Amino acid sequence: MSVQELVLKQRAEILHALCSSGSAEHLEQVLDILLAQEELSWEEYQNVQVPGRALYTNARQLLDLVHTKGVDTCGLFLAALKQVLPDAKGVGFSLSGCLSSLEGKEEYQSTSSQTLLTQRPSLVSELQGCTDGALQALLISGLFTTADCDDVRLPIHTPSQQARRLLDHVRSKGESAAKTLLQYIQQKQESGSTLTQEKPTPPKEFVKYQKKLSSSVSAQSCFLSTYGGTSHMSLDDIYTEGQLELGHDCADAYGSLGLEDIVGTAGTVNEEADTVLVSGEAGSGKSTLLQRLHLLWARGTALQGFLLLFPFSCRRLNSEQRELSVQELLFQHCCWPDREQEEIFRFILDHPHLILFTFDGLDELKQSFSDEHRLCCPTQRAPVHVLLFNLIQGSLMKGVRKVVTSRPEAVGPLLKKHLCKEVFLKGFSPSGIDCFVKKHHSDPTAAAKVLESLQTNTALLGLCHSPVLCWIVSQCHKELLGCGEGSPQTITDVYLMILQHFLQRQSSQKSTVGLGWLHEHLQTVLHLGRLAFELIGTTCYIFSGADLETCGVTEKDISMGFLIQSKDMSSTHSKRYEFLHVTLQCFFAALYIVLSNNTDRSTIPKLFELKDLRETGLSSACFGSCLPSTYQQEGEATAAETPNLQITATFVSGLLSQRHQSLWLHCCPSAVMEKRVRQVARCLSKGMQKHFKSIPQPVEGEKKSMHAMPGFVWLIKCIYEMQESRIAKDAMSKLEVDHLKLTYCNIGPVECTALAYVLQHLKNPVGLQLDNNSVGDVGVEQLLPCMHICNSLYLRNNNITDEGIRKLIAKGIQCDNFRKIALFNNKLTDACTQHFSHLLKTKQNFLALRLGNNNITAEGAKQLAEGLKFNHSLQYLGLWGNKIGDAGAEALARVLESSNTLVWLSLAGNGVGSRGACALANIIKNSTSLEEIWLIENCITRAGVECLIQALEHNTHVKSICLRNNDLTPEEVEEMTQRESRLIF
C-alpha cells in the first residue's frame, strides 16, 4: 500500500491523533515541519490555518491538501506526524523511509527570511518564553509598532502560538525584521543565556505590591483555617503531609510526590493546559494543603518560580453577586495595590508564567462547570463563575498556572479535558496519623495513649486516615480514652464524640449524668441543625446574620464553637459565619432530620434519592424566595450538591442506629424514631435493588459480574453506619453474582470496613476486585472478616506492604474458598514471599498467584520455590516486572519442571538471560499442562532461544512463548519465527 493510500485509509485515526486533545499544538507542529521542508507554500499554510475555524476543519483541510499533492508529500506528512506524536494510538504505519527523507533535507539558505521558514520548528521552541525580549529588540529597531507587539502578546495564545505569531509578523515585515530577530537569538545564545528562562525585571510598584501580597497571604495562612478555626493552631505546629499520588497510569514513574511537585512537570498529560486538579474526599486535607503551599510561597521557601500567588476560596466566591473583570477579581478578592494598578496588571498579563492562582473547593461552587460562555478579554466583566471557568480552561490568562481543589465526584470529563494533570490527595498514611497525633498533643503520654487506643481498634484507625477525623479523635482524646460504652466504630460515632466534646466543654454542668448531655443542649443542636439543613442543598456554606436569625441561632449557640467567623473578603460590613468543616454542616443537617418535628415525611426518601431538599420541611417557606431563580428548580441535585447529600444521608443512617437509641430517648418520641428507622431501611433496600437490577446477564460461558459504581459503595457505607446485620443480610440475600468489581471507586480503609461488614453476609463465594484504590495495609486488615466469602481477591495498585500481606495470608490460609490473589504494583519485597511460600505449602487448592511489578529478587523467587515444591494445584504464576534474574528463574524452573497443573507463567521484565531461559526450557520439555510463558523485555540471546526451540520440539501442548524485546537482532527474530511459529516476537 502506498503512503498516499495510507493517508486516505487512516484518515479518521490521523484526525483523532491530531485533534483529540482539544489543543491545536499538534497540528501546528506538523505544519511547522511541512513549511520548513517547503512541502507547503505560505498561501497553502494560510488556507489550512484559518483563525477562528474549528480545529477538526483545519486538520481535514490539511489532509485533503496533502493527499492531492501526491506520494512524496504524503510520506513527509506521515514522517512529521510520527515526529510530533511518536506514540499516537491507532495510527499504525512504518515510517523509517519517510523519516530519513525528513532528516536529510539540509540546504544553504540565502536570506534571513528563508532561514526563518526552514528553521521554523526549532525557532518556535527557542522563542517560547522570550517573545518579550525579541519584541523589544524589534520595537527599538523601529521595525515593529506597539500594535504589532500587542497583537503577538494576546493572552488567548499559548507561548508556542505567540512564538509562531511573532515569526509570521516578522516574515510580513521583510528581510530587515528577519535579520534583526535572528541576530537577537544569536546574541542570546552567544551570551550563554537560556532563551526560555529569560527573567524580567519587575517595575518598582510591582515589587511593592508583591511584598504586600506576600504579607497578606502569610497572615491568612499562618493559622489552621479549617477545623482548627477556634483554637488558633499554628499551621507550622500541626501540619502533617498527606499522601499525594498521580493518576495510576504514571504513578510508578515518579514515586512519592512533594508539595512543589503539584505545580511541577511530573505526571503532565496535557502540556498545553495550565490547570492542575488536586482531588480528594471531604476531609482529606485539600484546603490545608493549599494553605501550606500559600504559607511556604509567602515565606520564600517554595514556589519561587512564581512572583505572585493569588488564593481564592470558591465557597467565598459564591457570595460575590457583582460582575467583575479579572483585574477586579484579583485586586478586590486578594490584595489591593496602593498605586499603579494598571502597570501591575499589565506586568501580570505580559508574564503569565510567573503567576499562580489557587481555587479551593471547586465542588462548593454553586454552578457546575461549563465551557459555553467563552471569554478571552481580561478586562471584560462577567459573573465570577464565568471568569473562573474561563480561567480553568485557559481562555482567560493563558499561561498562568492554576491549582484547583475538588472532591472527585464534582469533576466531570468536560472539565478534565482542560487539565494539565490530576493529583490525588489520599489523606494520612499510617506514619502520618502517628505524626499528627504527636503534634496535636504537647503531652507525649496523652499522645501515646491515643495511638495505643487506635492500634487496638483498627476500624477507628482506618477512619483516622481522613485528617478531619484524625483531628476529631485527637481533640476528643479524653472522651475516647474514657469510653464506657465501647470505642467508636463508625463515622457517626466519631462525630457524636466531637458533638459531646464541644457541648460539654461549654456546659454549666460539667458532670452531666449519662446521656442527658444531648437533651440539655437540644435547642442549640436544632438551631444549628436547621441552619445546616436549610442551606446544605443550595451549596451554601457561608451564612449571613439574617440566615442565623431566621433559624433562631443565638450568640450562645455560636459560642459553642461549631461555627467560626468567615474570612469573606467581599463582605466587610457584616459578620458572616461558616461551620468548622463542611462535613460538620452535613452532620448537623442529619441531626435536624432525625430530631426535628418540622421536617415532613418525604425528607428522608428525597435525601436518599439525592433529590433537592428545598421542597421539604421549612426550606421552601423560609429560603425559597431568597434563592436566585437558577437555584429554585426542583429535581436532581447538582454534581456539587450530591456529595454533601450523600454524607448527610450516611450520618442519618448512623444516627438512627439502634446503638444510639438511648441517646434520643428524651429528645424525640420513640414512635417517630422507629418510623424514620423503617424509612431509612426501605431506602437502603430500594437503592441496593436498583443496583442489582442493572447487572447484565452474563455471556454464555462467562461468570456473572457486577461492576459497582460509587453510589453502591455509598449505600454499603450507610448500611455499615446503621450497624444492623439484619439490613446487611437482607441486602446481600438478593445479590447473585460470581464477580464483584469495585475498581477506581476511591476505596480506602473506611470503605473496606463497610464492605467487609456487608459482604460477609453473601450467600455464595465471589471474586472481589478492588484494583486501583487506596486500600493499604489497614484496609487489608479491615477486609479480613469477609475473606471466607472471597474465592479470588484482586488488589492491584493499592499501596500494600509486606505487613499487610502477613495478616492477609494468615487469614486466607483458614478460608477454604480463597484460591486466587493478584497484587500487581504494590510495595512488596522478598519479605512477603515467606508468607506466600507458607500459603502454597498449606493450601492444596490454591490456583493463581500474581505478584507483578513489585520488588521481588532472586531471594524471593527461591523462597517461593520452597512453597511450590510442595504445591500440587497452582495453575497461574505471575512475577512480571520484578528482579529475579537468572538465579530466580533457575530456582523456579527446578520445582516447576515436574508440575502437572501449571498452565501460565510470566517472568516478563525480570532481567532473565539465556541461562535462565535454558532452565525454563526444562519446564517446557517436561510439563503436560503448560500452555503459555511470557518472557518479554528480558535479556535473552540467541543461545537461550535455541534452548526454548529444542524444548518445544518435545512438547506440542504449549501454545506460545512471548519473547518481544530481548537481545536479538531483526535477522535472528525473522529466522526463529520461521523455525518455530509458537515463538511470539
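## A tour of the cysteines

The structure, which is a predicted model, holds 1 disulfide. To find this link, select Cys-918 and Cys-947, whose sulfur atoms are joined at an S to S distance of 2.5 Å. With both residues still selected, look along the S-S bond, where an angle of 70 degrees makes the link of Cys-918 and Cys-947 right-handed.

Next, show the helices around the pair, for the link connects distant parts of the chain that are 29 residues apart. Cys-918 belongs to helix α46, which covers residues 914-926, while Cys-947 belongs to helix α47, which covers residues 942-952.

Now turn on the surface and colour the two partners. Are they buried, exposed or partly exposed? Cys-918 has a relative accessible area of 26% and is therefore partly exposed, and Cys-947, at 23% relative accessibility, also counts as partly exposed.

From there, move to Cys-376, which takes part in no disulfide. Select Cys-377 as well, since its sulfur is the nearest cysteine sulfur to that of Cys-376, at 6.6 Å. A disulfide needs its two sulfur atoms within 2.5 Å, so a pair at this distance is not counted as one. On the surface, Cys-376 is partly exposed, with a relative accessible area of 41%.

The last stop is Cys-668, which is likewise in no disulfide. Select Cys-667 beside it in the sequence to see the nearest cysteine sulfur, which is 8.1 Å away. Which side of the 20% cut-off does Cys-668 fall on? With a relative accessibility of 5%, which is under 20%, Cys-668 counts as buried.

Definitions and conventions:
Residues numbered from 1 in each chain as written. Predicted model: local features only at pLDDT ≥ 70, side-chain atom pairs only at ≥ 80, totals over all residues. Heavy atoms only, no water. Helix = DSSP H or I, 4+ residues; strand = E, 2+ residues; numbered from the N terminus. Buried < 20%, exposed > 50% of the residue type's maximum accessible area, 1.4 Å probe, protein only.
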